[in-house]
Amino acid sequence: MLCCLSVSVFFLVAILGYVLVNGASYINWEFLTALPAPAGESGGGIANALVGSLLIVIVASLMALPIGIGAAIFINEFPSHGTGHTIRFLAEVLTGVPAIVVGLFAYDLVVKPWGGFSAFAGSVSYAFIMVPIILITAHEALRLVPDSLREASLALGIPKWRTILGVVLPVSSRALITGVILAISRALGEAAPMLFTAFGNPFWNLNMAKPMATVPTLIYTYATGPYEDWHRKAWAASFVLLVVVLVTSVLTRAFLRGKSNE
Amino acid sequence: MSEPQATAGSLTHGLPSAEPRPVSARRQVINVGDRVFYIITRSLGIFVIVLAVLLVWNLVDGAWEAIRQFGLGFIVGTTWDPVTRVFSTLPTIIGTLVKGFIGVFLAVPISIGSAIFIAFYTPKWLRPVLSYPIELLAGIPSIIFGMWALFAMVPIVRVFQIWLKANFGWFFLFDGPAVYGVGVLAGSLILAIMITPIITSISKEILLTVPRAQIEGMLALGATKWEAIWQVALPYSRIGLFGAVMLGLGRALGETMAVTMVGGNSFAMIHSLFDPVHSMASQIASEFTEATYSLYVSSLIYVGLILFGITILTSLLAQLLIWRMAKGKLAILE
(Lines give C-alpha, C1' and ligand atoms only; values in the text may rest on other atoms or scores of the structure.)
Protein backbone atom coordinates (compact mmCIF):
# COMPACT_ATOMS: atom_id res chain seq x y z
CA MET A 1 0.00 0.00 0.00
CA LEU A 2 2.83 2.36 0.89
CA CYS A 3 4.52 1.42 -2.38
CA CYS A 4 1.40 2.47 -4.30
CA LEU A 5 1.49 5.86 -2.65
CA SER A 6 5.21 6.30 -3.24
CA VAL A 7 4.69 5.74 -6.98
CA SER A 8 2.39 8.76 -7.08
CA VAL A 9 4.74 10.81 -4.93
CA PHE A 10 7.67 9.87 -7.13
CA PHE A 11 5.95 11.16 -10.27
CA LEU A 12 4.86 14.32 -8.48
CA VAL A 13 8.44 15.06 -7.45
CA ALA A 14 9.76 14.17 -10.90
CA ILE A 15 7.33 16.47 -12.71
CA LEU A 16 7.53 19.36 -10.26
CA GLY A 17 11.31 19.11 -10.18
CA TYR A 18 11.59 19.10 -13.95
CA VAL A 19 9.31 22.10 -14.36
CA LEU A 20 11.09 23.97 -11.55
CA VAL A 21 14.57 23.35 -12.94
CA ASN A 22 13.63 24.23 -16.52
CA GLY A 23 11.09 26.96 -15.87
CA ALA A 24 11.98 29.01 -12.82
CA SER A 25 15.20 30.46 -14.22
CA TYR A 26 13.34 32.12 -17.08
CA ILE A 27 10.78 33.88 -14.89
CA ASN A 28 11.23 37.61 -14.50
CA TRP A 29 9.07 40.69 -14.31
CA GLU A 30 9.06 41.14 -18.06
CA PHE A 31 7.87 37.57 -18.64
CA LEU A 32 4.85 38.13 -16.42
CA THR A 33 3.90 41.61 -17.63
CA ALA A 34 4.87 41.84 -21.29
CA LEU A 35 3.11 40.68 -24.42
CA PRO A 36 4.56 37.78 -26.41
CA ALA A 37 7.45 38.69 -28.65
CA PRO A 38 7.20 37.95 -32.38
CA ALA A 39 8.31 34.44 -33.37
CA GLY A 40 12.05 33.96 -33.25
CA GLU A 41 12.74 37.04 -31.13
CA SER A 42 13.83 36.56 -27.55
CA GLY A 43 12.21 38.39 -24.64
CA GLY A 44 8.53 39.09 -24.33
CA GLY A 45 6.05 37.54 -21.92
CA ILE A 46 2.72 35.92 -21.36
CA ALA A 47 0.68 38.61 -19.59
CA ASN A 48 -2.26 38.40 -21.99
CA ALA A 49 -2.48 34.62 -21.61
CA LEU A 50 -2.45 34.88 -17.79
CA VAL A 51 -5.31 37.38 -17.77
CA GLY A 52 -7.16 35.42 -20.43
CA SER A 53 -7.04 32.11 -18.55
CA LEU A 54 -8.20 33.80 -15.37
CA LEU A 55 -11.14 35.60 -17.01
CA ILE A 56 -12.31 32.53 -18.88
CA VAL A 57 -12.19 30.24 -15.83
CA ILE A 58 -13.97 32.78 -13.61
CA VAL A 59 -16.85 33.17 -16.06
CA ALA A 60 -16.97 29.38 -16.41
CA SER A 61 -17.14 28.90 -12.62
CA LEU A 62 -19.99 31.39 -12.35
CA MET A 63 -21.93 29.22 -14.78
CA ALA A 64 -20.90 25.79 -13.48
CA LEU A 65 -21.08 26.15 -9.69
CA PRO A 66 -24.80 26.84 -9.24
CA ILE A 67 -25.74 24.21 -11.81
CA GLY A 68 -23.52 21.50 -10.33
CA ILE A 69 -24.31 22.01 -6.65
CA GLY A 70 -27.99 22.81 -7.28
CA ALA A 71 -28.51 19.70 -9.36
CA ALA A 72 -26.73 17.58 -6.73
CA ILE A 73 -29.03 18.98 -4.03
CA PHE A 74 -32.04 18.21 -6.21
CA ILE A 75 -30.90 14.63 -6.81
CA ASN A 76 -30.10 13.85 -3.21
CA GLU A 77 -32.53 15.90 -1.14
CA PHE A 78 -35.62 15.63 -3.34
CA PRO A 79 -35.62 12.00 -4.45
CA SER A 80 -37.97 11.83 -7.39
CA HIS A 81 -39.31 9.13 -9.62
CA GLY A 82 -36.54 8.73 -12.17
CA THR A 83 -35.52 12.34 -12.80
CA GLY A 84 -32.78 12.28 -10.17
CA HIS A 85 -31.40 8.98 -11.41
CA THR A 86 -31.43 10.27 -14.98
CA ILE A 87 -29.51 13.39 -14.03
CA ARG A 88 -26.94 11.44 -12.04
CA PHE A 89 -26.54 8.96 -14.88
CA LEU A 90 -26.13 11.74 -17.42
CA ALA A 91 -23.56 13.43 -15.21
CA GLU A 92 -21.52 10.20 -15.15
CA VAL A 93 -21.76 10.06 -18.91
CA LEU A 94 -20.75 13.71 -19.18
CA THR A 95 -17.58 13.20 -17.08
CA GLY A 96 -16.54 10.78 -19.78
CA VAL A 97 -17.06 13.36 -22.48
CA PRO A 98 -13.56 14.15 -23.72
CA ALA A 99 -12.43 17.76 -23.48
CA ILE A 100 -11.85 17.81 -27.20
CA VAL A 101 -15.48 16.80 -27.84
CA VAL A 102 -16.58 19.58 -25.50
CA GLY A 103 -14.51 21.88 -27.70
CA LEU A 104 -16.37 20.64 -30.78
CA PHE A 105 -19.66 21.20 -28.94
CA ALA A 106 -18.80 24.77 -27.97
CA TYR A 107 -17.57 25.34 -31.52
CA ASP A 108 -20.93 24.27 -32.92
CA LEU A 109 -22.97 26.02 -30.20
CA VAL A 110 -21.20 29.36 -29.84
CA VAL A 111 -18.39 29.84 -32.36
CA LYS A 112 -20.35 28.93 -35.49
CA PRO A 113 -23.45 31.09 -34.81
CA TRP A 114 -21.28 34.02 -33.66
CA GLY A 115 -19.15 33.65 -36.74
CA GLY A 116 -15.79 33.67 -34.95
CA PHE A 117 -13.67 32.38 -32.10
CA SER A 118 -14.47 33.92 -28.72
CA ALA A 119 -13.35 33.72 -25.10
CA PHE A 120 -16.97 33.22 -24.08
CA ALA A 121 -17.07 30.02 -26.12
CA GLY A 122 -14.02 28.97 -24.10
CA SER A 123 -15.89 29.70 -20.87
CA VAL A 124 -18.84 27.64 -22.08
CA SER A 125 -16.59 24.67 -22.76
CA TYR A 126 -14.79 25.02 -19.40
CA ALA A 127 -18.15 25.23 -17.63
CA PHE A 128 -19.30 22.13 -19.47
CA ILE A 129 -16.23 20.27 -18.21
CA MET A 130 -16.76 21.48 -14.63
CA VAL A 131 -20.49 20.83 -14.18
CA PRO A 132 -20.47 17.00 -14.08
CA ILE A 133 -17.37 16.87 -11.86
CA ILE A 134 -18.91 19.27 -9.35
CA LEU A 135 -22.25 17.49 -9.55
CA ILE A 136 -20.92 13.98 -8.92
CA THR A 137 -18.54 14.89 -6.13
CA ALA A 138 -21.27 16.99 -4.50
CA HIS A 139 -23.79 14.17 -4.80
CA GLU A 140 -21.35 11.67 -3.29
CA ALA A 141 -20.71 14.12 -0.47
CA LEU A 142 -24.39 14.77 0.20
CA ARG A 143 -25.47 11.14 0.11
CA LEU A 144 -22.97 10.32 2.85
CA VAL A 145 -24.47 12.86 5.25
CA PRO A 146 -26.36 10.76 7.80
CA ASP A 147 -30.16 11.01 7.60
CA SER A 148 -30.32 11.37 11.37
CA LEU A 149 -28.84 14.87 11.03
CA ARG A 150 -31.54 15.90 8.58
CA GLU A 151 -34.24 14.36 10.73
CA ALA A 152 -32.90 16.07 13.85
CA SER A 153 -33.06 19.43 12.09
CA LEU A 154 -36.51 18.80 10.63
CA ALA A 155 -37.75 17.65 14.03
CA LEU A 156 -36.82 21.06 15.42
CA GLY A 157 -39.32 22.53 12.97
CA ILE A 158 -36.66 23.95 10.66
CA PRO A 159 -37.88 24.01 7.07
CA LYS A 160 -36.28 21.65 4.65
CA TRP A 161 -34.50 24.29 2.56
CA ARG A 162 -32.87 25.75 5.65
CA THR A 163 -31.96 22.25 6.80
CA ILE A 164 -30.18 21.68 3.50
CA LEU A 165 -28.39 25.04 3.49
CA GLY A 166 -27.63 25.13 7.22
CA VAL A 167 -26.97 21.50 8.11
CA VAL A 168 -26.43 19.25 5.09
CA LEU A 169 -24.15 21.53 3.06
CA PRO A 170 -21.87 22.57 5.98
CA VAL A 171 -21.51 18.95 7.09
CA SER A 172 -20.38 17.93 3.63
CA SER A 173 -18.49 21.13 2.80
CA ARG A 174 -15.06 19.49 2.84
CA ALA A 175 -15.90 17.01 0.14
CA LEU A 176 -17.84 19.67 -1.79
CA ILE A 177 -14.88 22.01 -1.89
CA THR A 178 -12.51 19.20 -2.88
CA GLY A 179 -14.79 18.54 -5.84
CA VAL A 180 -14.88 22.18 -6.87
CA ILE A 181 -11.08 22.49 -6.67
CA LEU A 182 -10.76 19.39 -8.77
CA ALA A 183 -13.10 20.84 -11.36
CA ILE A 184 -11.35 24.22 -11.53
CA SER A 185 -7.85 22.78 -11.63
CA ARG A 186 -8.88 20.38 -14.35
CA ALA A 187 -10.46 23.14 -16.40
CA LEU A 188 -7.63 25.64 -15.91
CA GLY A 189 -5.02 23.43 -17.53
CA GLU A 190 -7.24 22.13 -20.29
CA ALA A 191 -5.89 23.23 -23.64
CA ALA A 192 -7.93 20.95 -25.89
CA PRO A 193 -11.29 22.78 -25.84
CA MET A 194 -9.54 26.14 -26.23
CA LEU A 195 -8.13 25.18 -29.62
CA PHE A 196 -11.42 25.86 -31.42
CA THR A 197 -13.04 28.28 -28.96
CA ALA A 198 -10.86 30.95 -27.33
CA PHE A 199 -8.26 30.01 -29.97
CA GLY A 200 -5.42 32.19 -28.68
CA ASN A 201 -4.39 35.75 -29.35
CA PRO A 202 -0.94 37.35 -29.38
CA PHE A 203 -2.34 40.74 -28.31
CA TRP A 204 -4.15 42.26 -25.36
CA ASN A 205 -7.82 41.46 -25.22
CA LEU A 206 -10.34 41.73 -22.39
CA ASN A 207 -13.39 41.38 -24.62
CA MET A 208 -15.08 38.04 -24.00
CA ALA A 209 -16.56 38.09 -27.51
CA LYS A 210 -13.13 38.05 -29.16
CA PRO A 211 -10.36 35.43 -29.32
CA MET A 212 -8.30 35.39 -26.13
CA ALA A 213 -4.94 33.86 -25.24
CA THR A 214 -4.83 31.22 -22.52
CA VAL A 215 -1.81 29.79 -20.76
CA PRO A 216 -2.34 26.14 -21.81
CA THR A 217 -2.73 26.91 -25.51
CA LEU A 218 0.31 29.16 -25.33
CA ILE A 219 2.31 26.32 -23.74
CA TYR A 220 1.13 23.92 -26.46
CA THR A 221 2.12 26.30 -29.24
CA TYR A 222 5.53 26.99 -27.70
CA ALA A 223 6.30 23.39 -26.67
CA THR A 224 5.59 21.93 -30.08
CA GLY A 225 7.22 24.82 -31.92
CA PRO A 226 10.63 24.64 -33.56
CA TYR A 227 12.55 27.27 -31.52
CA GLU A 228 14.71 26.46 -28.51
CA ASP A 229 13.67 29.82 -27.02
CA TRP A 230 10.01 28.82 -27.34
CA HIS A 231 10.67 25.61 -25.39
CA ARG A 232 12.20 27.64 -22.56
CA LYS A 233 9.17 29.96 -22.60
CA ALA A 234 6.87 26.93 -22.53
CA TRP A 235 8.65 25.64 -19.43
CA ALA A 236 8.44 29.05 -17.80
CA ALA A 237 4.73 29.32 -18.60
CA SER A 238 4.23 25.79 -17.23
CA PHE A 239 5.97 26.92 -14.06
CA VAL A 240 3.61 29.90 -13.74
CA LEU A 241 0.56 27.71 -14.35
CA LEU A 242 1.78 25.23 -11.73
CA VAL A 243 2.37 27.97 -9.17
CA VAL A 244 -1.15 29.32 -9.72
CA VAL A 245 -2.64 25.85 -9.21
CA LEU A 246 -0.44 25.26 -6.18
CA VAL A 247 -1.31 28.57 -4.53
CA THR A 248 -5.01 27.96 -5.16
CA SER A 249 -4.90 24.60 -3.44
CA VAL A 250 -2.74 25.85 -0.55
CA LEU A 251 -5.11 28.76 0.08
CA THR A 252 -8.10 26.45 -0.05
CA ARG A 253 -6.52 24.10 2.43
CA ALA A 254 -5.67 26.94 4.78
CA PHE A 255 -9.24 28.14 4.53
CA LEU A 256 -10.54 24.64 5.27
CA ARG A 257 -8.25 24.20 8.26
CA GLY A 258 -9.32 27.54 9.71
CA LYS A 259 -12.94 26.56 9.34
CA SER A 260 -12.56 23.16 10.96
CA ASN A 261 -10.82 24.73 13.98
CA GLU A 262 -13.75 26.96 14.81
CA MET B 1 -30.78 7.04 -0.13
CA SER B 2 -33.46 5.84 -2.47
CA GLU B 3 -36.30 5.94 0.04
CA PRO B 4 -38.22 9.19 -0.10
CA GLN B 5 -37.42 11.58 2.67
CA ALA B 6 -40.11 13.25 4.65
CA THR B 7 -40.53 16.92 3.88
CA ALA B 8 -41.07 19.36 6.67
CA GLY B 9 -44.72 19.46 5.77
CA SER B 10 -45.39 15.75 5.79
CA LEU B 11 -43.31 15.23 8.92
CA THR B 12 -45.43 17.52 11.05
CA HIS B 13 -48.62 16.44 9.39
CA GLY B 14 -49.19 13.15 11.25
CA LEU B 15 -48.12 14.41 14.64
CA PRO B 16 -50.64 15.71 17.14
CA SER B 17 -50.19 19.45 17.23
CA ALA B 18 -49.06 20.89 20.55
CA GLU B 19 -50.96 24.06 19.87
CA PRO B 20 -54.73 24.02 19.93
CA ARG B 21 -55.21 26.38 16.99
CA PRO B 22 -54.45 25.33 13.41
CA VAL B 23 -50.97 26.29 12.20
CA SER B 24 -51.92 26.44 8.55
CA ALA B 25 -50.74 30.02 8.08
CA ARG B 26 -47.33 29.25 9.52
CA ARG B 27 -47.01 26.03 7.58
CA GLN B 28 -47.85 27.83 4.38
CA VAL B 29 -44.85 30.11 4.87
CA ILE B 30 -42.58 27.12 5.37
CA ASN B 31 -43.95 25.42 2.30
CA VAL B 32 -43.36 28.49 0.14
CA GLY B 33 -39.65 28.47 1.02
CA ASP B 34 -39.38 24.76 0.36
CA ARG B 35 -41.36 25.10 -2.82
CA VAL B 36 -39.11 27.84 -4.21
CA PHE B 37 -35.98 25.93 -3.23
CA TYR B 38 -37.37 22.79 -4.85
CA ILE B 39 -38.18 24.59 -8.08
CA ILE B 40 -34.74 26.21 -8.25
CA THR B 41 -32.79 23.00 -7.67
CA ARG B 42 -35.10 21.05 -9.95
CA SER B 43 -34.60 23.42 -12.85
CA LEU B 44 -30.83 23.30 -12.30
CA GLY B 45 -31.09 19.52 -12.42
CA ILE B 46 -33.22 19.59 -15.55
CA PHE B 47 -30.68 21.95 -17.10
CA VAL B 48 -28.08 19.16 -16.89
CA ILE B 49 -30.40 16.97 -18.97
CA VAL B 50 -30.83 19.82 -21.45
CA LEU B 51 -27.04 20.16 -21.69
CA ALA B 52 -26.65 16.48 -22.50
CA VAL B 53 -29.35 16.60 -25.18
CA LEU B 54 -27.81 19.75 -26.62
CA LEU B 55 -24.40 18.07 -26.76
CA VAL B 56 -25.71 15.10 -28.75
CA TRP B 57 -27.78 17.36 -30.99
CA ASN B 58 -24.82 19.61 -31.79
CA LEU B 59 -22.47 16.70 -32.51
CA VAL B 60 -24.95 14.95 -34.79
CA ASP B 61 -25.70 18.25 -36.48
CA GLY B 62 -22.02 18.94 -37.08
CA ALA B 63 -21.26 15.40 -38.26
CA TRP B 64 -24.36 15.07 -40.44
CA GLU B 65 -22.60 15.69 -43.76
CA ALA B 66 -20.04 12.94 -43.08
CA ILE B 67 -22.71 10.58 -41.72
CA ARG B 68 -24.71 10.95 -44.95
CA GLN B 69 -21.63 10.50 -47.08
CA PHE B 70 -19.95 7.54 -45.38
CA GLY B 71 -22.59 6.03 -43.07
CA LEU B 72 -21.42 3.27 -40.73
CA GLY B 73 -18.61 2.36 -43.11
CA PHE B 74 -16.79 5.28 -41.46
CA ILE B 75 -16.27 3.10 -38.37
CA VAL B 76 -14.94 -0.05 -40.07
CA GLY B 77 -12.91 1.47 -42.89
CA THR B 78 -9.17 2.12 -42.72
CA THR B 79 -8.69 5.05 -45.13
CA TRP B 80 -8.18 8.67 -44.06
CA ASP B 81 -7.35 10.70 -47.11
CA PRO B 82 -8.18 14.42 -47.20
CA VAL B 83 -6.89 14.68 -50.79
CA THR B 84 -9.34 12.20 -52.33
CA ARG B 85 -11.98 13.19 -49.74
CA VAL B 86 -12.40 9.65 -48.35
CA PHE B 87 -12.61 9.33 -44.58
CA SER B 88 -12.94 6.36 -42.21
CA THR B 89 -11.38 5.83 -38.86
CA LEU B 90 -11.05 2.28 -37.51
CA PRO B 91 -7.28 2.46 -36.69
CA THR B 92 -7.81 5.59 -34.62
CA ILE B 93 -10.65 4.00 -32.64
CA ILE B 94 -8.50 0.97 -31.83
CA GLY B 95 -5.54 3.17 -30.92
CA THR B 96 -7.70 5.17 -28.49
CA LEU B 97 -9.14 2.11 -26.78
CA VAL B 98 -5.79 0.34 -26.39
CA LYS B 99 -4.08 3.38 -24.85
CA GLY B 100 -7.02 4.12 -22.55
CA PHE B 101 -7.39 0.62 -21.21
CA ILE B 102 -3.68 0.04 -20.64
CA GLY B 103 -3.61 3.36 -18.79
CA VAL B 104 -6.53 2.48 -16.52
CA PHE B 105 -5.18 -1.05 -15.98
CA LEU B 106 -1.91 0.42 -14.70
CA ALA B 107 -3.52 3.20 -12.67
CA VAL B 108 -6.29 1.43 -10.75
CA PRO B 109 -4.25 -0.85 -8.45
CA ILE B 110 -1.90 1.99 -7.56
CA SER B 111 -4.78 4.42 -6.95
CA ILE B 112 -6.97 2.17 -4.82
CA GLY B 113 -3.91 0.93 -2.93
CA SER B 114 -2.85 4.49 -2.13
CA ALA B 115 -6.38 5.41 -1.10
CA ILE B 116 -6.64 2.44 1.27
CA PHE B 117 -3.24 3.29 2.75
CA ILE B 118 -4.19 6.90 3.40
CA ALA B 119 -7.65 6.08 4.71
CA PHE B 120 -6.90 3.12 6.96
CA TYR B 121 -3.18 2.70 7.63
CA THR B 122 -2.37 6.31 8.40
CA PRO B 123 -2.89 8.10 11.72
CA LYS B 124 -5.40 10.89 11.44
CA TRP B 125 -2.91 13.76 11.81
CA LEU B 126 -0.76 12.36 9.00
CA ARG B 127 -3.61 11.94 6.51
CA PRO B 128 -3.68 15.51 5.16
CA VAL B 129 0.10 15.38 4.77
CA LEU B 130 -0.11 12.25 2.63
CA SER B 131 -3.17 13.34 0.64
CA TYR B 132 -1.51 16.62 -0.18
CA PRO B 133 0.89 15.28 -2.84
CA ILE B 134 -1.99 13.38 -4.46
CA GLU B 135 -4.10 16.52 -4.63
CA LEU B 136 -1.17 18.44 -6.06
CA LEU B 137 -0.59 15.80 -8.70
CA ALA B 138 -4.31 15.95 -9.54
CA GLY B 139 -3.99 19.69 -9.96
CA ILE B 140 -1.19 19.53 -12.53
CA PRO B 141 -2.63 20.60 -15.88
CA SER B 142 -2.65 18.01 -18.64
CA ILE B 143 -0.56 20.15 -20.94
CA ILE B 144 2.27 20.06 -18.38
CA PHE B 145 2.04 16.28 -18.16
CA GLY B 146 2.37 16.32 -21.93
CA MET B 147 5.46 18.51 -21.88
CA TRP B 148 7.08 16.49 -19.12
CA ALA B 149 6.30 13.29 -20.98
CA LEU B 150 7.73 14.64 -24.21
CA PHE B 151 10.98 15.99 -22.79
CA ALA B 152 11.63 13.74 -19.77
CA MET B 153 9.74 10.46 -20.11
CA VAL B 154 9.99 9.68 -23.80
CA PRO B 155 13.82 9.39 -23.81
CA ILE B 156 13.60 6.83 -20.98
CA VAL B 157 10.73 4.97 -22.65
CA ARG B 158 12.80 4.90 -25.82
CA VAL B 159 15.75 3.19 -24.10
CA PHE B 160 13.35 0.74 -22.45
CA GLN B 161 11.66 -0.03 -25.77
CA ILE B 162 14.96 -0.67 -27.54
CA TRP B 163 15.96 -3.03 -24.76
CA LEU B 164 12.61 -4.82 -24.89
CA LYS B 165 12.83 -5.22 -28.63
CA ALA B 166 16.39 -6.54 -28.49
CA ASN B 167 15.53 -9.15 -25.87
CA PHE B 168 11.87 -9.98 -26.42
CA GLY B 169 11.41 -8.89 -30.02
CA TRP B 170 9.98 -12.33 -30.93
CA PHE B 171 6.82 -11.40 -28.97
CA PHE B 172 4.42 -9.58 -31.28
CA LEU B 173 3.70 -6.76 -28.78
CA PHE B 174 7.40 -5.79 -28.69
CA ASP B 175 8.02 -6.11 -32.42
CA GLY B 176 7.59 -2.50 -33.52
CA PRO B 177 9.48 0.69 -34.27
CA ALA B 178 11.13 1.07 -30.86
CA VAL B 179 13.44 3.96 -31.70
CA TYR B 180 10.76 6.66 -31.90
CA GLY B 181 10.02 6.64 -28.18
CA VAL B 182 6.63 8.19 -28.81
CA GLY B 183 3.84 5.70 -29.36
CA VAL B 184 1.28 3.49 -27.66
CA LEU B 185 3.48 2.65 -24.66
CA ALA B 186 4.45 6.26 -23.94
CA GLY B 187 0.84 7.38 -24.40
CA SER B 188 -0.49 4.70 -22.06
CA LEU B 189 2.12 5.43 -19.40
CA ILE B 190 1.40 9.16 -19.28
CA LEU B 191 -2.34 8.41 -19.18
CA ALA B 192 -1.81 6.09 -16.21
CA ILE B 193 0.18 8.76 -14.36
CA MET B 194 -2.42 11.41 -15.17
CA ILE B 195 -5.49 9.52 -13.97
CA THR B 196 -3.92 7.99 -10.85
CA PRO B 197 -4.30 11.09 -8.63
CA ILE B 198 -7.93 11.66 -9.59
CA ILE B 199 -8.93 8.08 -8.84
CA THR B 200 -6.87 8.16 -5.64
CA SER B 201 -8.18 11.40 -4.17
CA ILE B 202 -11.84 10.62 -4.79
CA SER B 203 -11.47 7.02 -3.61
CA LYS B 204 -9.84 8.30 -0.45
CA GLU B 205 -12.61 10.80 0.28
CA ILE B 206 -15.15 8.03 -0.19
CA LEU B 207 -13.27 5.48 1.94
CA LEU B 208 -12.91 8.04 4.74
CA THR B 209 -16.68 8.36 5.04
CA VAL B 210 -17.12 4.68 5.88
CA PRO B 211 -18.46 4.77 9.45
CA ARG B 212 -15.71 3.86 11.90
CA ALA B 213 -18.25 1.89 13.93
CA GLN B 214 -18.66 -0.62 11.12
CA ILE B 215 -14.93 -1.26 10.90
CA GLU B 216 -14.48 -1.29 14.65
CA GLY B 217 -17.39 -3.73 14.92
CA MET B 218 -15.66 -6.03 12.47
CA LEU B 219 -12.38 -5.74 14.37
CA ALA B 220 -14.18 -6.48 17.64
CA LEU B 221 -15.48 -9.69 16.07
CA GLY B 222 -11.88 -10.79 15.67
CA ALA B 223 -11.27 -9.84 12.05
CA THR B 224 -7.87 -8.62 11.01
CA LYS B 225 -7.55 -5.07 9.78
CA TRP B 226 -7.21 -6.28 6.19
CA GLU B 227 -10.39 -8.39 6.53
CA ALA B 228 -12.26 -5.39 7.90
CA ILE B 229 -11.16 -3.26 4.95
CA TRP B 230 -11.77 -5.97 2.38
CA GLN B 231 -15.14 -7.15 3.70
CA VAL B 232 -16.66 -3.98 5.14
CA ALA B 233 -15.01 -0.80 3.93
CA LEU B 234 -14.64 -1.72 0.25
CA PRO B 235 -18.14 -3.17 -0.17
CA TYR B 236 -19.57 -0.18 1.66
CA SER B 237 -17.91 2.30 -0.66
CA ARG B 238 -17.64 0.44 -3.95
CA ILE B 239 -20.27 2.48 -5.79
CA GLY B 240 -18.21 5.56 -5.05
CA LEU B 241 -14.99 3.74 -5.96
CA PHE B 242 -16.49 2.76 -9.29
CA GLY B 243 -17.49 6.37 -9.78
CA ALA B 244 -13.87 7.32 -9.21
CA VAL B 245 -12.55 4.75 -11.70
CA MET B 246 -15.12 5.89 -14.25
CA LEU B 247 -13.88 9.42 -13.86
CA GLY B 248 -10.38 8.11 -14.55
CA LEU B 249 -11.39 6.10 -17.61
CA GLY B 250 -13.33 9.05 -18.98
CA ARG B 251 -10.32 11.24 -18.64
CA ALA B 252 -8.01 8.62 -20.17
CA LEU B 253 -10.14 8.08 -23.28
CA GLY B 254 -10.71 11.78 -23.80
CA GLU B 255 -7.27 13.04 -22.84
CA THR B 256 -6.03 15.08 -25.73
CA MET B 257 -2.96 17.21 -25.21
CA ALA B 258 -0.60 14.71 -23.56
CA VAL B 259 -1.54 11.97 -26.00
CA THR B 260 -1.18 14.35 -28.92
CA MET B 261 2.34 15.15 -27.72
CA VAL B 262 3.63 11.62 -26.99
CA GLY B 263 1.19 9.19 -28.59
CA GLY B 264 2.77 9.61 -31.99
CA ASN B 265 0.31 11.00 -34.47
CA SER B 266 0.16 8.77 -37.47
CA PHE B 267 -2.91 7.27 -39.01
CA ALA B 268 -2.01 3.57 -38.92
CA MET B 269 -3.33 0.30 -37.58
CA ILE B 270 -1.79 -0.71 -34.28
CA HIS B 271 0.50 -3.76 -34.40
CA SER B 272 2.72 -3.45 -31.36
CA LEU B 273 3.13 -1.46 -28.14
CA PHE B 274 5.68 0.78 -29.83
CA ASP B 275 3.63 1.95 -32.83
CA PRO B 276 3.02 5.68 -33.06
CA VAL B 277 -0.74 5.89 -33.69
CA HIS B 278 -3.39 8.57 -33.47
CA SER B 279 -5.97 8.69 -30.74
CA MET B 280 -9.35 10.00 -31.79
CA ALA B 281 -8.82 13.08 -29.63
CA SER B 282 -5.33 13.74 -30.97
CA GLN B 283 -6.58 13.37 -34.53
CA ILE B 284 -9.25 16.01 -33.96
CA ALA B 285 -6.85 18.33 -32.13
CA SER B 286 -4.12 18.16 -34.73
CA GLU B 287 -6.30 18.37 -37.84
CA PHE B 288 -9.36 20.47 -36.94
CA THR B 289 -7.87 23.89 -37.61
CA GLU B 290 -6.26 22.58 -40.81
CA ALA B 291 -9.52 21.17 -42.18
CA THR B 292 -10.17 23.28 -45.24
CA TYR B 293 -13.54 22.03 -46.50
CA SER B 294 -16.78 21.25 -44.74
CA LEU B 295 -16.72 17.46 -45.34
CA TYR B 296 -13.30 17.31 -43.65
CA VAL B 297 -14.57 19.30 -40.63
CA SER B 298 -17.70 17.19 -40.57
CA SER B 299 -15.65 13.97 -40.63
CA LEU B 300 -13.60 15.17 -37.66
CA ILE B 301 -16.80 15.96 -35.76
CA TYR B 302 -18.01 12.46 -36.71
CA VAL B 303 -14.83 11.11 -35.06
CA GLY B 304 -15.78 13.19 -32.01
CA LEU B 305 -19.29 11.75 -32.10
CA ILE B 306 -17.90 8.20 -32.12
CA LEU B 307 -15.55 9.06 -29.27
CA PHE B 308 -18.56 10.39 -27.40
CA GLY B 309 -20.47 7.18 -28.18
CA ILE B 310 -17.65 5.02 -26.84
CA THR B 311 -17.60 6.97 -23.58
CA ILE B 312 -21.38 6.52 -23.23
CA LEU B 313 -21.01 2.76 -23.69
CA THR B 314 -18.25 2.72 -21.08
CA SER B 315 -20.43 4.61 -18.61
CA LEU B 316 -23.38 2.34 -19.33
CA LEU B 317 -21.29 -0.75 -18.66
CA ALA B 318 -20.01 0.73 -15.40
CA GLN B 319 -23.55 1.60 -14.33
CA LEU B 320 -24.72 -1.96 -15.02
CA LEU B 321 -21.80 -3.37 -13.03
CA ILE B 322 -22.52 -1.02 -10.14
CA TRP B 323 -26.18 -2.04 -10.18
CA ARG B 324 -25.32 -5.75 -10.25
CA MET B 325 -22.75 -5.48 -7.49
CA ALA B 326 -25.00 -3.43 -5.26
CA LYS B 327 -28.09 -5.62 -5.64
CA GLY B 328 -27.69 -8.20 -2.89
CA LYS B 329 -25.87 -5.89 -0.48
CA LEU B 330 -28.00 -2.82 -0.40
CA ALA B 331 -28.35 -3.07 3.37
CA ILE B 332 -24.63 -2.43 3.80
CA LEU B 333 -24.60 0.34 1.24
CA GLU B 334 -27.49 2.28 2.63
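Visitor: In what kind of crossing does α6(B) pass α7(B)?
Guide: The crossing is right-handed (the near helix is turned clockwise from the far one by less than a right angle; anticlockwise would be left-handed). Helices here are DSSP runs of H or I with at least four residues, strands are E runs of at least two, and both are numbered from the N terminus.

Visitor: Is there anything to know before reading on?
Guide: This is a predicted model, in which local features need pLDDT of at least 70 and side-chain atom pairs count only at pLDDT 80 or more, while totals for chains, interfaces and linings use all residues. Residues are numbered from 1 along each chain as its sequence is written, with chains lettered from A and ligands numbered from 1 in the order in which they are written.

Visitor: Back to that pair. At what angle do α6 and α7 of chain B pack?
Guide: At about 130°, with the axes of α6 (residues 142-168) and α7 (residues 184-208) of chain B 9 Å apart. Axes are lines fitted to C-alpha atoms over the stretch in contact, and angles run from 0 to 180 degrees between N-to-C directions. α6(B) and α7(B) are therefore oblique (neither under 35 degrees, roughly parallel, nor over 145, roughly antiparallel, nor 65 to 115, roughly perpendicular).

Visitor: Which residues make the contact?
Guide: From α6(B) they include B:F145, B:M153 and B:V157, and from α7(B) they include B:L185, B:L189 and B:I193. Contact here means C-beta atoms, placed from the backbone, within 7 Å. By class, the contact has eleven nonpolar, two polar and no charged residues (Ala, Val, Leu, Ile, Met, Phe, Trp, Tyr, Cys and Pro are nonpolar, Asp, Glu, Lys and Arg charged, the others, Gly among them, polar).

Visitor: Where does α6(B) bend?
Guide: At B:M153, by about 50°, and the proline B:P155 follows within four residues. The bend is the angle between axes fitted to the seven residues ending there and the seven starting there. B:M153 is also one of the α6(B) residues that touch α7(B).

Visitor: Now chain A. How many helices and strands does chain A have?
Guide: Eleven helices and zero strands. The C-alpha trace of chain A spans about 70 × 50 × 30 Å along its principal axes.

Visitor: How do α6(A) and α9(A) lie to each other?
Guide: The axes of α6(A), residues 119-143, and α9(A), residues 173-188, cross at roughly 160° and come within 8 Å. The two helices are therefore roughly antiparallel, and the crossing is right-handed. Among the residues that meet are A:Y126, A:I133 and A:E140 in α6(A) and A:L176, A:G179 and A:R186 in α9(A). This contact has 14 nonpolar, three polar and two charged residues.

Visitor: And at what angle do α7 and α8 of chain A pack?
Guide: About 145°, with the axes of α7 (residues 147-155) and α8 (residues 160-171) 10 Å apart. That crossing is right-handed.

Visitor: How many residues does the contact take from chain B and chain A?
Guide: 84 from chain B and 78 from chain A. Helix α2 of chain B, residues 24-70, gives the most to the chain B side, with 20 residues. That side has 53 nonpolar, 26 polar and five charged residues.

How values were computed:
Contact = placed C-beta atoms within 7 Å.
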